[in-house]
Amino acid sequence: MQVTFHGVRGSTPCHGPLTAKYGGNTACVSIQSEGQRPLLLDLGTGLRYFGQMYKTTNPDPIDAVALVTHMHWDHIQGLPFFSPIIRDGARLELYGPRQDDGRTFFEAVSNAIRQPTFPVELHDLRGKFEFHDVENDSFMVDDFHITSRSVPHNGPTVGYRIEIGNKSVAYISDHQQPLDGSFALPDGVRELAEDVDLLIHDSQFTATEFAAKSNWGHCTAEFATQIAIACRAKSIALFHHDPDRTDAELDATPLCNSTSGTRVFIAQEGATISL
Ligand SMILES: [Zn+2]
Ligand SMILES: [Zn+2]
């Protein structure tokens, strides 16, 4: 299983020399495994670069699957710029949460990609889309076993656990830490992350920032690491970096790698992890 980070930022893309090392695109990760369709985790601006890479190495129309955590811009904004879908025979199957007002995931995405905020609607693109609602579910995508669980954030949000063979990845991109700053672990999050080979987890705030923005839907790197250790994850990629976080600041993040047996590292755009 190859896990590649195409976008590791939260909130909004950023650009320039201060963020060049870890990258400025928003949430998008691909999982590729022999004989399976490519699996995409979120559709942030990093998706555009996955699309470019895909086209240079694959002559056939794309047939891929996307697991989307929620509808915030930083998780869907790459979709209209995903060039492999602008082709006859291309197909993208998407999973994501139903909205609190009853709208399906399909209705929410269709409503986000249309006039006046974007000139083209989904059904005008040449490829085909197939949408599924998820909440607390278990399902198969090709030979991948997928588990989705609700995760505390702002608005309907899920995380995913992806398993194939004896390898597993949990993807929890946006996670509201308890408002008092404590390390309580929701049951659903534990189910997603327990004993995984790799946990990809929100780490947007420093402790000082969390104190000022505690209800903004995110958590600290310390909280993410505690989740990984409590769930006996073999490794954790600190993900969803604040757009104001510079490379120097990320390099200076204390990584608590000492005694737990969980390897902690910082997600970097372009990096591939082999499991
Ligand atoms: Zn986000
Ligand atoms: Zn969000």
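**Exercise 1. Locate aspartate 142 and describe its backbone and exposure.**

Step 1. Aspartate 142 sits in the loop between strand 7 and strand 8 (144-150). Helices (H or I, at least four residues) and strands (E, at least two) are DSSP runs, numbered from the N terminus.

Step 2. Its phi is positive, about 50°, although aspartate 142 is not a glycine. Most residues other than glycine have a negative phi.

Step 3. Aspartate 142 has a relative accessible area of 33%, so it is partly exposed. The classes are buried under 20%, exposed over 50%, and partly exposed in between (1.4 Å probe, protein chains only).

The model is predicted: local features need pLDDT of at least 70, side-chain atom pairs count only at pLDDT 80 or more, and totals for chains, interfaces and linings use all residues. Residues are numbered from 1 along each chain as its sequence is written, chains are lettered from A and ligands numbered from 1 in the order in which they are written, and side-chain values use heavy atoms, without hydrogens and water.

**Exercise 2. Is histidine 240 buried or exposed, and where does it lie?**

Step 1. Histidine 240 is in the loop between strand 12 (235-239) and helix 7 (247-251).

Step 2. Its phi is positive too, near 60°.

Step 3. Histidine 240 has a relative accessible area of 0%, so it is buried.

**Exercise 3. Find the edges of the open sheet.**

Step 1. Read the order: 7 strands run 7-8-9-10-11-12-13, with mixed pairing. Two strands pair if DSSP finds at least two bridges between them.

Step 2. Strand 7 and strand 13 (263-266) each have a single partner strand, so one side of each lacks a neighbour in the sheet.

Step 3. Take one pair inside the order. Strand 10 (residues 167-172) and strand 11 (residues 198-202) pair in the parallel sense over 4 bridges. Isoleucine 172 has histidine 201 of strand 11 as its bridge partner.

**Exercise 4. Classify two of the aromatic pairs.**

Step 1. Set the cut-offs. Rings of Phe, Tyr and Trp (its six-membered ring) pair if their centres lie within 6.5 Å; planes under 30 degrees apart are stacked, over 60 edge-to-face, the rest tilted. The structure holds 10 such pairs.

Step 2. Phenylalanine 50 and tyrosine 54 lie 6.0 Å centre to centre with 40° between the planes: tilted. Both are buried.

Step 3. Tyrosine 95 and phenylalanine 139 have centres 4.6 Å apart and planes at 15°, so this pair is stacked. Tyrosine 95 lies in strand 5 (residues 91-97) and phenylalanine 139 in strand 7 (residues 137-141), so the pair ties together parts 44 residues apart in sequence.
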